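Work through the exercises below with the model open beside you. Try each task before you read its solution.

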Amino acid sequence: MRRILYLAQAEVLHILRDRILLAQVLVVPVVQLLVLSNAATFEIRDTPIHVVDLDRSPASRGLVNRLAANGHFDIVGDTPSVDRADEGLLRGTVTMAVVIPHGFEASLMRTGVGQVQLSVNAEKGSAAGIVQAYASRVLAGYASELSARRVGRVLLDQPNPRIDVRVRPLYNVTQNYKHYMVPGILVALMTIIGTLLSAQNIAREKELGTLEQLNVTPITRGQFIVAKLLPFWVLGLVELSLGLLVGKLVFGVPMRGSVPMLYGVAGVYLVVALGIGLWISTLVETQQQAMFVTFFIVNIYLLMSGLFTPVDSMAPWVRTVSIVNPVRHFVTISRAILMKGAGPAEIAQPFFILLGTAVLVLVFAVRQYRKRAA
């Protein structure tokens, strides 16, 4: 029994000295629990919508107020221009546009029916259906409220008010979930290749002892890093090509935008993924540690990227933190180019965030590698 206790004590000391293992036991489960419970949800909260109120009547204003007070929607735009609303849908800044036509109140009073058009970004598949269902429920509730308010003999002779909802699905009319998921999964595969393989490759050099030998050769550290990461950069683009081919032939994923532009963005994104892999390699000493740290980081990235669940459905603090997530921006750009046919103007904001992240991550990773290698 004493020997068992001595061996157990030695094992506990080993765990306490191994920071990677200690983080795996204590920190990682807590972080994953917090992220999973707030990111992996299909509940729709604060969905950005654009309102186009062409009627400007008390009835239309009441409808807008009901949408704003519902809790599921956040009115980020209120203009009399349908084109502005469609532009927001194309850029991805809004998920749904609510168009209240001229004569909405007059039609309610005269015929008992008022039409409202819901333009939904159907790119998000089933999530678009949930948003549409929430909006339809609010409109039906408002119609019931108008019916209960009727007073006087004249209004009692009129039919019960009813709101006729006309849905206009955009970008994924059939709401085929594969069209929504395939571009995102392709980004996930590129992330794993760019981050995991680059981190493991340099960690393997540490294990074999060849990294110290290379440091004393005339090869500069910059040349060594480029030579190590360049094959994985090319491999990531090859993976993108294969994924696009399979997505088109097998799943029928639309390619409405510029494929060369997608490759250009992918090249920038791979710099981010490779830079993160290089940074991970400076933290670990073995391939096993590199695999664990990469799995943890990539898992958090994917959960907070909007790949599996829309960003709109995440907790507010998760949406804020995910702004610095490069996977989120590349997933957004990939879906916008392939499904919406977006051009440079529509993807400018996420692209420049991605470009800035690429520069910062690569510079930080190279400096960290030089400090560890010195």
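**Exercise 1. Count the helices and strands, then describe the protein as a whole.**

Solution.
- Step 1: The protein has 15 helices and 5 strands. Helices (H or I, at least four residues) and strands (E, at least two) are DSSP runs, numbered from the N terminus.
- Step 2: This is a predicted model, in which local features need pLDDT of at least 70 and side-chain atom pairs count only at pLDDT 80 or more, while totals for chains, interfaces and linings use all residues. Residues are numbered from 1 along each chain as its sequence is written, and side-chain values use heavy atoms, with hydrogens and water left out.
- Step 3: Of the 374 residues, 46% count as buried. Buried means under 20% relative accessible area, exposed means over 50%, and partly exposed lies in between (1.4 Å probe, protein chains only).
- Step 4: The accessible surface comes to about 18500 Å², and 64% of it belongs to carbon and sulfur atoms. Accessible areas come from the Shrake-Rupley method with a 1.4 Å probe; for residues, only the protein chains shown count as cover.
- Step 5: Take the contacts between residues at least 6 apart in sequence: 79% of them join residues at least 24 apart. Contact means heavy atoms within 4.5 Å.

**Exercise 2. Find what surrounds strand β1, and name its partner strand.**

Solution.
- Step 1: Check burial. 7 of the 7 residues of β1 are buried, so the strand is largely enclosed by the rest of the structure.
- Step 2: Split the strand into its two faces. T47, I49, V51 and D53 lie on one side. P48, H50 and V52 lie on the other, and both faces are covered.
- Step 3: Look for the partner. β1 and β2 run parallel and are joined by 5 bridges. Two strands pair if DSSP finds at least two bridges between them.
- Step 4: Pick out one bridge. T47 has F73 in β2 as its bridge partner.

**Exercise 3. Locate the salt bridges and say what each one links.**

Solution.
- Step 1: Side chains of opposite charge can pair when their charged atoms come close. A salt bridge is a side-chain nitrogen of Lys or Arg within 4 Å of a carboxyl oxygen of Asp or Glu. The structure holds 2 of them.
- Step 2: One joins D78 to R56, with the closest N and O atoms 3.7 Å apart. D78 lies in strand β2 (residues 73–78) and R56 in the loop between β1 (47–53) and α3 (58–69), so the pair ties together parts that are 22 residues apart in sequence.
- Step 3: Check accessibility. D78 is partly exposed at 40%, and R56 is partly exposed at 44%.
- Step 4: Look at the backbone of R56. Its phi is near 55°, a positive value in a residue other than glycine.
- Step 5: R91 and E87 also form a salt bridge (3.2 Å, N to O). They sit 4 residues apart in helix α4 (residues 82–91), separated by about one helical turn. An α-helix has 3.6 residues a turn, so residues three or four places apart point the same way.
- Step 6: R91 is partly exposed at 36%, and E87 is partly exposed at 35%.

**Exercise 4. Start from R91 and find a residue that is distant in sequence.**

Solution.
- Step 1: Go to A345. A345 and R91 are 254 residues apart in sequence and 8.5 Å apart in space, C-alpha to C-alpha.
- Step 2: Place A345. It lies in the loop between α14 (326–340) and α15.
- Step 3: A345 is partly exposed, with 45% relative accessibility.

**Exercise 5. Compare three helices: α10, α12 and α15.**

Solution.
- Step 1: Begin at the surface. L197, V226, L230, V234, L235, V238 and L242 make a nonpolar patch of about 560 Å². Patches are made of residues with over 30% relative accessible area and no salt bridge: like charges are joined within 9 Å, nonpolar side chains (Val, Leu, Ile, Met, Phe, Trp, Tyr) within 5 Å.
- Step 2: Helix α10 (residues 221–249) gives the most to this patch, with 6 residues. L230 lies in α10 and is partly exposed at 46%.
- Step 3: Turn to α12 (residues 287–303). Its 17 residues reach 24 Å from first C-alpha to last, close to the 24 Å expected at 1.5 Å a residue. The expected span is 1.5 Å times one less than the number of residues.
- Step 4: Buried residues of α12 include F292, V293, I297 and L302.
- Step 5: Finish with T357 in helix α15 (residues 348–373). T357 counts as buried, at 17% relative accessibility. Leaving aside neighbours within four places in sequence, T357 is in contact with V272 and P326.
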